[in-house]
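Below is a set of questions and answers on how descriptive terms are assigned to a model. Please have the structure open while reading.

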2 protein chains.
Amino acid sequence: MLVQKYKDMLSAKSVIRQLSEFATARGAEIGYENVFDYSLGNPSVPVPQEFTDQMIHMLNTMNTNELHGYSPSLGITSVREAVAASLEKRFGLPYRKEHIFMASGAAGALAHAFRLVTEPGDEIITFAPFFPEYHPYVDLTGAVLKVVPPDTEAFQIHFDAFEEMISEKTMAVMINTPNNPSGVVYSAVTLQRLADVLRSKSEEFGHTIYLISDEPYREIVFGGVEAPCVSFFYENTIMCYSFSKSLSLPGERIGYVAVHPACKDAEVMVNMCGQISRGIGHNCPPSIIQLAVAGVLELTSDLSVYETNMNLLYNELVDLGFTCVKPDGTFYIFPKALEEDAKAFCQKALKYDLILVPGDTFGAPGFFRMAYCIDTEKVERSLPALRRFVKETYGR
Amino acid sequence: MLVQKYKDMLSAKSVIRQLSEFATARGAEIGYENVFDYSLGNPSVPVPQEFTDQMIHMLNTMNTNELHGYSPSLGITSVREAVAASLEKRFGLPYRKEHIFMASGAAGALAHAFRLVTEPGDEIITFAPFFPEYHPYVDLTGAVLKVVPPDTEAFQIHFDAFEEMISEKTMAVMINTPNNPSGVVYSAVTLQRLADVLRSKSEEFGHTIYLISDEPYREIVFGGVEAPCVSFFYENTIMCYSFSKSLSLPGERIGYVAVHPACKDAEVMVNMCGQISRGIGHNCPPSIIQLAVAGVLELTSDLSVYETNMNLLYNELVDLGFTCVKPDGTFYIFPKALEEDAKAFCQKALKYDLILVPGDTFGAPGFFRMAYCIDTEKVERSLPALRRFVKETYGR
């Protein structure tokens with residue numbers, strides 16, 4: 001018999017996917033260039049040429065069995081060393097290869113992190129607005145995802161609600177900064193206060209509460225500032241990283257888990273990841289991609305277009321009277337809709353070929369997300385449509 | 001708290017890994033070329049040049065966001081179509097893309113297959129000798145792996161023991177032909193009888209018993225014969241394939257699930273795989289590798305060296321008085337040890353720098369495995385060591 005829970009999931013279609021399918025269908029009618037598709041968070045800037053060159057160089061020169069051979073289950077040793085050295089150089093924490101586990105993207109990294117620290121029935125807390133895939137990611141392990149309601153003023157952390165929700169069952173807290181969908185970076189003040197709560201609650205409950213830090217947008221920060229390093233604030237941090245956004249490589253499934261060097265049992269945790277892999281069919285990210293990213297760890301794609309797009313949109317939205325927290329990074333912006341029901345708002349926008357995603361999906365009803373990882377030229381062309389939509393629908 | 005079951009697994013070191021580590025350490029002493037390391041099943045023949053050319057061509061010519069972009073969760077559509085067409089051409093069954101789910105190697109494919117048809121507590125039956133990783137693969141899903149003792153005469157299926165073991169709890173049966181470690185191909189007679197049992201037991205128990213067919217060695221068959229197509233015999237077959245061995249690409253994590261076109265709910269099963277992925281951090285094999293293998297589906301590495309090596313070893317072993325089933329394929333041979341305790345036998349062989357793996361690991365005590373995916377020249381050099389070992393230890 002087929003397993004019912006997976007069968008049941010087929011009928012629950014994701015809102016983002018439905019909108020993206022609408023955009024594709026509408027594109028077939030009027031030309032996709034005329035659909036202002038802000039639905040999908042797919043990197044739109046080219047992969048760095050150095051990555052491509054490195055791939056071609058290895059394909060031309062390396063023994064194929066070495067290049068395409070099995071990776072050790074924790075990742076290729078030289079790659080783990082390179083990642084550790086790069087993290088140490090950047091954040092000043094003494095990472096060594098023993099703290100690094102190579103994983104197939106952030107989804108692969110998170111799948112290991114959850115299984116490291118939770119058994120079925122245990123709870124993981126995260127904060128709205130949040131990436132909706134966290135639900136299947138966590139729920140299907142048997143653990144329970146609890147969501148703290150949003151701080152709608154600044155999209156930092158609603159600490160009162162958090163402290164009410166945290167309990168003996170809480171084994172981990174998961175954050176995502178820079179944040180999808182708000183674009184906000186958690187401030188040092190927020191991270192310090194979070195660490196203080198985690199330390200005091202760990203002591204109160206007599207077990208470590210781990211911090212799972214999902215950081216795929218770490219390199220996409222605006223205004224020339226670096227996002228505060230989460231691991232810097234709390235030693236029991238499991239960093240989950242992906243090169244998907246920084247190098248525009250989402251399809252190549254490459255990322256890592258980096259356990260804080262001062263975390264109790266850090267090396268054991270990385271070895272445990274190798275065991276977890278055996279149960280979920282992981283067996284490491286592709287060897288050639290591991291080797292190629294190790295050569296470009298200090299590089300990113302040219303990410304400046306995302307800041308250009310953000311400024312265009314932010315200024316226009318504020319001009320039109322939207323309430324909107326200015327993004328510190330990512331390629332998302334998360335304004336308040338012009339009516340209470342963001343689903344209705346987004347539905348009405350479709351008439352103007354504007355594809356916006358209601359915030360309900362992200363645990364923040366009343367808001368909507370725009371993913372501006374598209375050409376700047378298209379963002380510019382979308383502004384008149386946005387103006388017409390607001391004027392004709394809401395009389396502004 | 002860290003999850004104890006994964007922590008506990010760290011102390012149970014795999015026999016194969018221990019032997020392989022011994023080989024590496026011994027290699028550092030006397031030169032690895034002088035260690036006759038038959039422990040590891042790593043492909044030793046080059047990747048086809050056409051694969052490398054295809055990779056370089058794509059890297060040189062394709063838009064990087066298309067080349068490295070997200071794959072749909074079931075796999076890239078054109079790749080699924082190409083795999084289906086290739087399977088239809090070869091096996092005459094009407095595969096369509098709706099039956100194909102791209103997976104990260106056989107481990108990834110099996111991880112989906114198990115979750116499709118078993119809930120915790122359900123049973124999957126397999127047949128000794130068997131690949132020992134099946135245990136963590138299955139056990140960590142919560143299902144139970146039951147192992148039918150071997151037919152030590154021919155390494156086909158011990159049907160009496162199988163029919164005693166099959167029960168209402170049996171949701172799937174898993175086979176691996178050509179077989180690791182025996183090298184044997186299940187005959188048409190075996191597969192027909194297996195299908196008959198599965199049909200009659202499915203009816204008796206009132207639920208479908210699925211056949212999970214793990215086929216990474218399908219292309220490595222000797223004497224110019226094709227292995228019988230498992231799916232041909234039983235419609236409720238979930239084929240799990242990997243390109244690791246046929247194209248010498250084990251590190252690139254590329255394979256697929258192919259659900260038999262006549263299997264009830266075949267398309268639903270493939271869509272369910274996409275949901276299962278969300279819970280195990282799968283998110284598809286690397287895009288560039290999917291696209292590259294789609295261009296070389298009709299090719300394999302030059303696999304003839306494995307047959308050459310097999311003949312050298314088989315003839316020598318028989319000459320030395322070993323009881324040994326002649327392999328039909330793979331790069332393994334599985335002779336009977338010269339004393340009852342194969343672990344002691346393999347331990348004694350180490351003195352001659354012969355790295356052999358005791359059959360206990362594979363559920364067949366008294367036998368040992370040699371993985372002859374090494375240079376023919378090294379196989380030849382190992383024969384005098386094998387002769388000396390047998391003569392000096394067992395007086396033959």
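The turns below set computed values against the definitions behind the terms.

Q: What kind of model is this, and how are residues and chains labelled?
A: This is a predicted model, in which local features need pLDDT of at least 70 and side-chain atom pairs count only at pLDDT 80 or more, while totals for chains, interfaces and linings use all residues. Residues are numbered from 1 along each chain as its sequence is written, and chains are lettered from A and ligands numbered from 1 in the order in which they are written.

Q: How many helices and strands does chain A have, and what makes a run count as one?
A: Chain A has 14 helices and 12 strands. They are DSSP runs numbered from the N terminus: H or I over at least four residues for a helix, E over at least two for a strand.

Q: How do you know whether the radius of gyration of chain A agrees with that of a compact globule?
A: The rule is 2.2 Å times the number of residues to the power 0.38, with the radius taken over C-alpha atoms. For 396 residues this gives a value near 21 Å, and chain A has 21 Å, so the two agree. The C-alpha atoms of chain A fill a box of roughly 60 × 60 × 55 Å along the principal axes.

Q: Why is A:Phe155 called buried or exposed?
A: A residue is buried if 20 or more other C-beta atoms, placed from the backbone, lie within 10 Å of its own, exposed if 12 or fewer, and partly exposed in between. A:Phe155 has 25 C-beta neighbours inside 10 Å, so A:Phe155 counts as buried. A:Phe155 lies in the loop between β4 (144-148) and α8 (159-165) of chain A. In chain A, buried residues make up 53% of the 396 residues.

Q: What is notable about phi of A:Phe155 and B:Ser248?
A: Phi of A:Phe155 is near 55°, a positive value in a residue other than glycine. B:Ser248 is not a glycine either, and has a positive phi of about 55°. Most residues other than glycine have a negative phi. B:Ser248 sits in the loop between β7 (237-242) and β8 (255-259) of chain B, and is buried because 26 other C-beta atoms lie within 10 Å.

Q: Why are α12(B) and α14(B) called roughly parallel?
A: Angles under 35 degrees count as roughly parallel, over 145 as roughly antiparallel, 65 to 115 as roughly perpendicular and the rest as oblique. Angles run from 0 to 180 degrees between N-to-C directions, and axes are lines fitted to C-alpha atoms, for helices over the stretch in contact. Helix α12 (residues 304-319) and helix α14 (residues 376-394) of chain B pack at about 10°, with axes 10 Å apart, and are therefore roughly parallel.

Q: Which residues does A:Tyr372 touch, and what makes a pair a contact?
A: Two residues are in contact if their C-beta atoms, placed from the backbone, lie within 7 Å. Leaving aside neighbours within four places in sequence, the contacts of A:Tyr372 include A:Tyr38, A:Tyr306, A:Phe331 and A:Val379.

Q: How many residues does each chain bring to the contact between chains?
A: Chain A gives 61 residues and chain B gives 61 residues. On the side of chain A that touches chain B, α10(A) supplies the largest share, nine residues.

Q: Where are the cis peptide bonds at A:Pro178 and B:Pro181?
A: The bond from A:Thr177 to A:Pro178 is cis, with omega near -5°, and A:Pro178 is in the loop between β5 (170-175) and α9 (188-205) of chain A. The bond from B:Asn180 to B:Pro181 is cis, with omega near 20°, and B:Pro181 is in the loop between β5 (170-175) and α9 (188-205) of chain B.
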